[in-house]
Every structure is written in C-alpha cells, then in structure tokens.
Amino acid sequence: MFGSTLLLALREIRRHILRSILTTLGIIIGVAAVVTMVTLGNGVTASVQEEISSLGASNFIVFPVRTDRGTIRPFDEADVRAVGQQIAGVTIAAGNVAANATAFYNGQDWDTRVQGVSNAFLEAQSISIEEGRPFSADEEQAGKNVCLLGLKVRDAIFLPGTSPVGARMRLGGVSCTVIGVMEERGQGGNGADDDDTVYLPIKNVQRRFRGNDNLDFFVVKYDTAYAASAIQDSLVDLLRERRLLQDGAPNDFNVIDTAQVNQALGAVTGALTAMVAVIASISLLVGGIGIMNIMLVSVTERTREIGIRLAIGALAREVRLQFLTEAVVLCALGGLAGIALGFGASIGLAAVIDVPFVFDPMINIVSFVFAAGMGIVFGYYPASRASKLDPIDALRHE
Amino acid sequence: MTAEPLIQLEGITKTFGNGAAAFQALKGIDLTIERGDFVAIMGPSGSGKSTTMNILGCLDVPTGGVFRFRGVEVQKLDRDQRSLLRRRYLGFVFQGFNLLARTTALENVELPLLYRGENKTQRRESALRALDQVGLVPWASHSPSELSGGQQQRVAIARALVTQPDVLLADEPTGNLDSERSVEIMLLLQRLNGEGITVLMVTHEEEMAAYAKTIVRFRDGQVERIEHSATALAQASGPA
Ligand SMILES: Nc1ncnc2c1ncn2[C@@H]1O[C@H](COP(=O)(O)OP(=O)(O)OP(=O)(O)O)[C@@H](O)[C@H]1O
Ligand SMILES: [Mg+2]
C-alpha cells in the first residue's frame, strides 16, 4: 500500500513537472541558501580561526597608538623587561620590530620582511625551528648578524635540496649567517605571510635597519592560573605609570586579548547563523505556503478522482495519506534539489571569496529533514480537506 | 429462505437542506431485495431514484428509517465503516463511467484491490480476470481516452466486479450509450446476475428494464409499484 502511494505521488508530480518545480522553488532556494550560508560560514570561521592562531599563542599583544596630538610613542626593550619582571603571573614578555629588505644569495634576490625577535618571542608565538638552532644568548645580547629563514625565503633564493644553514647571505646592505629555517606557518594576521620573513636578533634590526631602539609591538604570555583581567589591569597600570600618563588621559597604547578576539568572532558567527536562520525560515515559510496552495489546487482538480476513490471504499485516512505523501515527496525532492544547488554554490563561492570549503553533513541532513517536514506541516490541511469530501458531491464535481 | 434478506429498507426518508429550504426527496420507502435479484428502478426525473441508490450504496445516509444490509443497520455506521462496507460488498457503475484519466484500464480495475491491501501480483491477476469477464483483456493497457464509451463502461463494470461484490449498483449505466452498446451492457449485467451477483440498476428506458427480474417504480419520493417480470417469475418458481 505504501509503495503504491509513493509511486502514485511520484507519478502525479511528474505529470505536472513544471508546476512541481515552480512550486518547490521556494523550498529549493531556502534549503540552498541555508546550506550555502552555513557551509561558507564554516569556511570563513575556519579561515579566520587560522588567521587568529597565526597571531600566535600569546595572550596579549601590546602596541602604541597615535594620540590626539598625532604622535606615536613607541615601546622599547626597557618596557618589555619591566612587564616581564614586575607583573606577577607573566611568563613571557617579548618585543618585535620589523622592516622591509631584499634578501640576496648567489645571484638570487627576493623582497621580504625582516623581523627583530628573541627566542622568547618565538616561544611565546609557538614558532618552531625546522632545521638549525635558535639564537644563542650572546647573539641576542650583541645583536649579531645571524638569521633564521622563513620557508618562502629559503625556497626563493636557495637551491632546492640544499641546506642554507651556515650560508652567508645578504639582507639589503647587511650580511648575515643563516643559523636555521622555520617551520611552515601559513598566512598570518594583517595580511603578512609568516613564511615570507627573516628573523634576526632585535638589536640587529633596530640598529641596522631602523636606526633606533624602538619596538613595533610586544607580546605577553601569562600563567593561566591568573585571571586575564587582573593581568591586563596590572599591565595597563604599569605602562601608564611608565609613560607618565595623567589620571583621565587616554591610553596611548592598545592591549589586544586574543581570547577576546576569538570570543568576538564566535559572537559574529553566532549572529550570522541567526540571520541565516531567519532568512531561511522566511524563505521556507513562503515555500511552504506555495506548497499548501498548489496542494489545494490539486485537491480541487482531482475532486472527482477523490470521489471515485471514496466510492470504491477508500478510508478518509487513506485519501489523506495519499495527498500528504505527495506533499512530502514534493518537499523532499525540493530539499534534495536545494542541497545539490547549495553544494554547487558553496563550492563555487568558497573558491571566489577564497575560504576553504568545509562540508558539513549535519546541515545537509537537517535541511533535508526540515524540508520533508514542511510537506507534513503544509500538506496536512489540503490532505485532510481531500479526505473530508463527500463522495456524492465529489463524484458530481465537473 | 430462512436467512435475513440482503437489503431491507423500512420507512426511509431523506430531506435535503433545512428550515424553509428543506426538501423531502424520499417520503418513506419500504423495499426488500433478496440475494440474486436483478432490480431495475424506474420513475420520472426527480422522483428520488438516485437518492435511493446513494443510500443503498452506503454513500449517503437516510434522514429517517432503517436500512439493513445483511442485517447490519447501515444508518448507524460512521463514514469509514460505510467505506469498509463498500469496499467489501459493493461495486459501483456510474452513468459517467468515472474512470481515472491517464490511467490504464488495468490500473483502473486494480484500484479497489489497492484499498484491500492486495499485493501487485494478486491485483494484476484479479484485474485481468475481471477484464476477461467484460471481454477487454486486449485493451488492458489503454487509457480511458483511447476507449469508446461502451468500452469505458465495461472497464467500469470490471472495476466494480474485481472485488467479487455481493451487489452491483448502477445508476443509469447506459445513459451515455447508444442502444447497441446499451444492450451489450444489459446482457453483461444479466450474465453477472446469473453468476450470483445481485444487481440494482436505475434506468429511464423500458427496453433496458426488461432485462431485470424486478422493476421498482418510483413517483414523488415513494415506491409506486413493484413488478416481477415474466422471466423473473419463471426463475423464482424454478429450483433456485
Ligand atoms: N444534494 C441535494 N440537495 C438538495 N436537493 C437534492 C440533492 N440531491 C437531490 N436533491 C433533490 O431530490 C430530488 C430527487 O433527486 P434524485 O437525484 O434522487 O432524482 P432522480 O430520480 O435520480 O432523478 P433523475 O432521473 O433526473 O436522475 C430532486 O428533486 C433533487 O432536486
Ligand atoms: Mg438520478
């Protein structure tokens, strides 16, 4: 009985194929929109999370900002040392200063970015060395001409298969000895490629590339037994004190809490999901009303058929099941079409906006079940109307 | 005959509408129909023939009176119970054939079996047997639009027969057919009646009524006269 009801439903849908497609368009688009948005949302989240993790494993990033008077007061090594020594719970405080330079080796050249860092900085940001060794204490102290290469720089100027460790290369007008190569990092925050860089001791970059003792920013890592807000408060207090800021004067520096950035991202994603849900529900509601409308038309068109079935001895619930099945099959097919459309659209759009395509089986299953459920919700009224027809009236219907 | 009659109508009334617009179509019908009878109901237009057929076919319920089918008081049954009676014991043939369009003759005949939960092979077998009874096996895969009126009505009869009902009800089965096709249908009904099916038929034509064993004449919502034809009398006195 159920098999033939299903067959009958498919046959009716095929009989009015164009009408069926137009009717389910709302559901197709609704489902496709949900699948696409959620899949792209997953892709965006994945790519942003990757960027955030490339901000490093540190908890705080501190950098100076322009004041009302238009000046920037940079931090220096003394500030970093003070943070490291005077705030309870801080395990690492490490500065960074960067400059652009061209790397030369053996006739090859490559425009890149040099960063003055310490071993502590590399540790705080979880940047590890693939080959070679970190800076020695002596090299850090004296700011010697030694460097650690990012993978891209190595690949750009060294022959494939050869190890650059020990080689003497040139960065702009400065020559340095390669002591190691960093592990692959991928795309970093603020658009910088963390593989396309050369690390030197801080003092070296300050003296030979920048000509001063300034730092661009510094990172702070702390013992998780301490509250983030407490550390941040002491950090701000200490820096204000060191920069002699009057009470009431605004901070001329910024402290970014990476955990908070993560949370903010979560909130944005949540809001996006809610928006998708609203759009989807409206689209599905409209689609559902379309289904209901067309099912009512179908019941009217087939009044005589219903009369024949009732006269022959069909029970009310059998007639209801027939029309309900038709509505559910229609919606389920719409759901499948929507999923297929959403699948294609999300692959295409993911490529266009350059985020990974993250397939989420759950959203596909949920959309399908939801679409089929729409058939029950919006097919019920027309179906029960069909089942309540009076056989004599129905048979007389033209 | 010791068993109760197949059909018993006692004081059946039917009123359509209510209040000032109320119209009494049946004004107290008493009628008993025995198993194996072939009844033709005749009468002027509006005399209540179709209304009576609808009640007999359990498609409608009387406003008053008692309708017993195989001893069961039908007027007390609900919609679905009457549906069950129809699917088990009754077969319908309509003036307008009422076949499902774009559906083959075979599928049309199979339809009642679907609601009896029979499987595909059973359905096919029984439907082909019913089509064979009306001589339409070669037309099994044709749809109604490809069949003549007489053929369509024979498909409808096959559909009514396929469940092996006790009673075949036909409201003006030849109303849309020429006289030659009409005679074919009458001969078919007569043969089926000979095989044991009770046939109830409404007709306007005396020539068609002549094929029946009993003629019930209606006038103004009442039974005016019941006639037993010569052949019917002859058969009744035979060794039934
Ligand atoms: N659903 C209804 N509502 C109101 N009046 C009805 C309804 N059905 C039938 N009638 C009336 O009941 C009376 C009997 O109708 P019925 O159809 O039984 O007549 P009939 O004997 O079959 O006539 P005909 O030979 O024209 O088919 C008619 O006057 C008709 O107008
Ligand atoms: Mg009539």
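Colleague: Which element gives the most residues to the shell around ligand 1?
Modeller: Bear in mind that this is a predicted model. With 3 residues, the element that gives the most to the shell around ligand 1 is α1(B).

Colleague: Which residues are the closest to ligand 1?
Modeller: The ligand is surrounded by 13 residues. The closest of these are Ser45(B), Gly46(B), Lys49(B), Ser50(B) and Thr51(B).

Colleague: How far is an oxygen atom of ligand 1 from an N or O atom in the side chain of Ser45(B)?
Modeller: Polar atoms of the protein lie by ligand oxygens at several places. A polar side-chain atom of His204(B) is 3.1 Å from an oxygen atom of ligand 1, and a backbone N or O atom of Gly46(B) is 2.9 Å from one. For the side chain of Ser45(B), the distance is 2.5 Å.

Colleague: What percentage of the area that ligand 1 exposes when taken alone does the protein bury?
Modeller: The reference is the ligand by itself, which exposes 630 Å². Of that area, the protein buries 64%.

Colleague: Which elements give two or more residues to the shell around ligand 1?
Modeller: The cut here is two or more residues from one element. α1(B) passes it with 3 residues. The full list is β2 (23-33) and α1 (49-56) of chain B.

Colleague: Is Lys14(B) buried or exposed?
Modeller: Lys14(B) belongs to strand β1, residues 7-16 of chain B. Its relative accessible area is 9%, and the limit for burial is under 20%. Lys14(B) is therefore buried.

Colleague: Which residue offers a backbone oxygen 2.8 Å from a polar atom of the side chain of Lys14(B)?
Modeller: Among the residues that Lys14(B) touches, leaving out those up to four places away in sequence, are Phe23(B), Leu26(B), Ile55(B), Asp60(B) and Val61(B). The side chain of Asp60(B) makes a polar contact of 3.2 Å with that of Lys14(B). The backbone oxygen at 2.8 Å belongs to Val61(B).

Colleague: How far apart are the end C-alpha atoms of helix α5 of chain B?
Modeller: Helix α5(B) has 13 residues, 149-161. At 1.5 Å a residue it should span 18 Å, and the model agrees with this. The end C-alpha atoms are apart by 18 Å.

Colleague: How many of the 13 residues of α5(B) are buried?
Modeller: The buried residues include Gly150(B), Arg154(B), Ile157(B) and Leu161(B). Cover comes from, among others, α10 (303-312) of chain A and α3 (105-114), α4 (120-133) and α6 (179-194) of chain B. The helix is largely enclosed by the rest of the structure, because the number of its residues that are buried is 12.

Colleague: How many salt bridges does a search of the whole structure find?
Modeller: One of them joins Asp138(A) and Lys144(A) at 2.7 Å, N to O. In chain A, Glu12(A), Arg15(A), Arg302(A), Glu305(A), Arg309(A) and Glu326(A) are linked in a network. Over all chains the search finds 32.

Colleague: What is the relative accessibility of Glu227(B), which forms a salt bridge with Arg225(B)?
Modeller: The closest N and O atoms of this pair are 2.7 Å apart. Arg225(B) is partly exposed, with a relative accessible area of 42%. Glu227(B) also counts as partly exposed, at 22%.

Methods. Residues numbered from 1 in each chain as written. Chains lettered and ligands numbered in written order. Predicted model: local features only at pLDDT ≥ 70, side-chain atom pairs only at ≥ 80, totals over all residues. Heavy atoms only, no water. Helix = DSSP H or I, 4+ residues; strand = E, 2+ residues; numbered from the N terminus. Expected span 1.5 Å × (residues − 1). Buried < 20%, exposed > 50% of the residue type's maximum accessible area, 1.4 Å probe, protein only. Contact = heavy atoms within 4.5 Å. Salt bridge = Lys/Arg side-chain N within 4 Å of Asp/Glu carboxyl O. Polar contact = N/O pair within 3.5 Å; in protein donor to acceptor, adjacent residues only side chain to side chain. Near = heavy atom within 4 Å. Areas by Shrake-Rupley, 256 points an atom, 1.4 Å probe, with all protein chains shown as cover.
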